[in-house]
Amino acid sequence: MQFDVGSELRRVRESKKLSLRAVASSVGVSASLLSQVETGKTQPSVSTLYALVNHLGISLDGLMGTSRPASPALGLSTASSPADPDNDRRSDSVVQRREDNPVIEMENGVTWERLAVGDSAIADPLIVTYAPSASSSVEGKMMRHAALEYGVLLEGRLSLRIDFETYDLEPGDSFCFDASRPHLYINTGDVPARGIWFVIGRREMAYQTLSDLGHDETGEVRPPASAVEVLQAMKAMRPEPRG
């Protein structure tokens with residue numbers, strides 16, 4: 001499902017009563033470029049999209065999640081009834097069908113396909129594709145944003161530059177880093193590079209790493225929220241073997 005990112009960015013900008021020129025100046029792009037992005041005449045690069053999302057104060061799933069069903073308590077749920085013949089193809093809080101995945105095609109051959117997020121605001125799960133010669137910044141500039149990035153490369157080869165280091169990723173290689181560090185992705189190969197990314201943590205989140213997910217803002221331990229956390233708790237409680 002191709003997502004019209006330009007019109008959504010324009011809608012958010014106008015709802016905040018921000019001028020096109022002011023937003024463009026704040027994120028370091030020309031007003032003409034931002035106008036072309038908003039009207040769909042061109043696509044933003046990864047770095048430009050992150051800059052716009054951060055400046056407008058929205059998250060990626062907030063930007064791409066307009067088709068998600070709203071809370072039934074608000075009377076706005078778009079979920080279909082059991083009698084609907086297309087019921088098994090529509091998204092709900094558990095399953096999102098492949099054809100319903102919002103897709104953003106960005107400048108220079110980069111594609112994001114957002115996976116199911118349900119009712120969670122913790123992570124942005126994405127299938128990311130870099131075409132040959134594609135990079136996260138057309139100008140070759142490093143980008144930074146407030147998040148943690150986890151990912152695994154499934155196909156092709158991809159170079160990840162962080163600070164002054166370059167890592168050449170092959171299928172099966174995974175990565176994890178604080179995205180506030182300057183970084184750049186680039187496909188220097190001759191076949192598309194494809195993988196799964198999880199962009200975790202936003203400016204309003206209290207935690208900084210995945211290990212903090214088991215604690216609330218006061219530092220008190222909360223009940224485990226997933227099977228992974230249950231297994232981790234059981235492992236921590238397991239007595240040491242006696243000699």
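Let me start with a term: on a 1 Å grid over the protein atoms alone, a cavity is a set of points where a 1.4 Å probe fits but cannot get out. A pocket is an open set of points with protein on both sides within 12 Å along at least five of seven lines. Lining residues have an atom within 4 Å of a point. Grid points are joined across faces, edges and corners, and a volume is the space filled by probe spheres set on the points.

Now the ground rules. This is a predicted model, where local features need pLDDT of at least 70, side-chain atom pairs count only at pLDDT 80 or more, and totals for chains, interfaces and linings use all residues. Residues are numbered from 1 along each chain as its sequence is written, and side-chain values use heavy atoms, with hydrogens and water left out.

How confident is the predictor? pLDDT is its confidence in each residue, from 0 to 100. The chain has a mean of 74, and 66% of its residues reach 70 or more. Confidence is highest in β6, at 96. It is lowest in helix α6, residues 227–237, at a mean of 55. Two stretches need care. Residues 66–91 stay under 50, and the model gives them 36 contacts beyond four places in sequence; contact means heavy atoms within 4.5 Å. Residues 202–221 are also below 50, with 32 contacts beyond near neighbours in sequence.

Next, the sheets. Helices (H or I, at least four residues) and strands (E, at least two) are DSSP runs, numbered from the N terminus. Two strands pair if DSSP finds at least two bridges between them. Strands of a sheet pair through backbone hydrogen bonds, either parallel or antiparallel.

One open sheet has 6 strands, in the order β1-β2-β3-β9-β4-β7, with antiparallel pairing. Why is one side of β1 and of β7 left without a neighbour in the sheet? β1 (103–106) and β7 (174–178) stand at the edges, so each has a single partner strand. The twist averages 20° from one strand to the next.

Look at the start of that sheet. β1 and β2 run antiparallel, joined by 4 bridges. They form a hairpin with 3 residues between them, and Asn-108 in the turn has a positive phi of about 70°. Ile-104 stands opposite Trp-112 in β2. Then β2 (residues 110–114) runs antiparallel to β3 (residues 123–130), with 5 bridges. Here Trp-112 has Val-128 as its bridge partner in β3.

Which helix lies across this sheet's strands β1, β2, β3, β4 and β9? That is α4, running at about 50° to β2. Axes are lines fitted to C-alpha atoms, for helices over the stretch in contact, and angles run from 0 to 180 degrees between N-to-C directions.

The other open sheet I will show has 3 strands, in the order β6-β5-β8, again with antiparallel pairing. β6 and β8 (183–186) are at the edges with a single partner strand each, so one side of each has no neighbour in the sheet. Its twist averages 15° from one strand to the next. β5 (residues 158–162) and β6 (residues 165–169) pair over 5 bridges. They form a hairpin with 2 residues between them, and Asp-163 in the turn has a positive phi of about 55°. Along this pair, Ser-159 stands opposite Asp-168, and Leu-160 has Tyr-167 as its bridge partner.

Finally, the empty spaces. The structure holds 2 cavities of 30 Å³ or more. The second largest has about 60 Å³ of space. Its lining includes Val-46, Tyr-50, Trp-112 and Val-128. So Trp-112 and its partner Val-128 both turn up in that lining. β3 gives the largest share, 3 residues. By class, the lining has 9 nonpolar, no polar and 1 charged residues. Ala, Val, Leu, Ile, Met, Phe, Trp, Tyr, Cys and Pro count as nonpolar, Asp, Glu, Lys and Arg as charged, and the others, Gly among them, as polar.

The second largest pocket has about 300 Å³ of space. Of its 18 lining residues, the closest to its centre are Val-27, Val-29, Ser-47, Thr-48 and Glu-139. Helix α4 (residues 46–56) gives the largest share of the lining, 5 residues.

Technical notes. pLDDT = per-residue confidence, 0-100.
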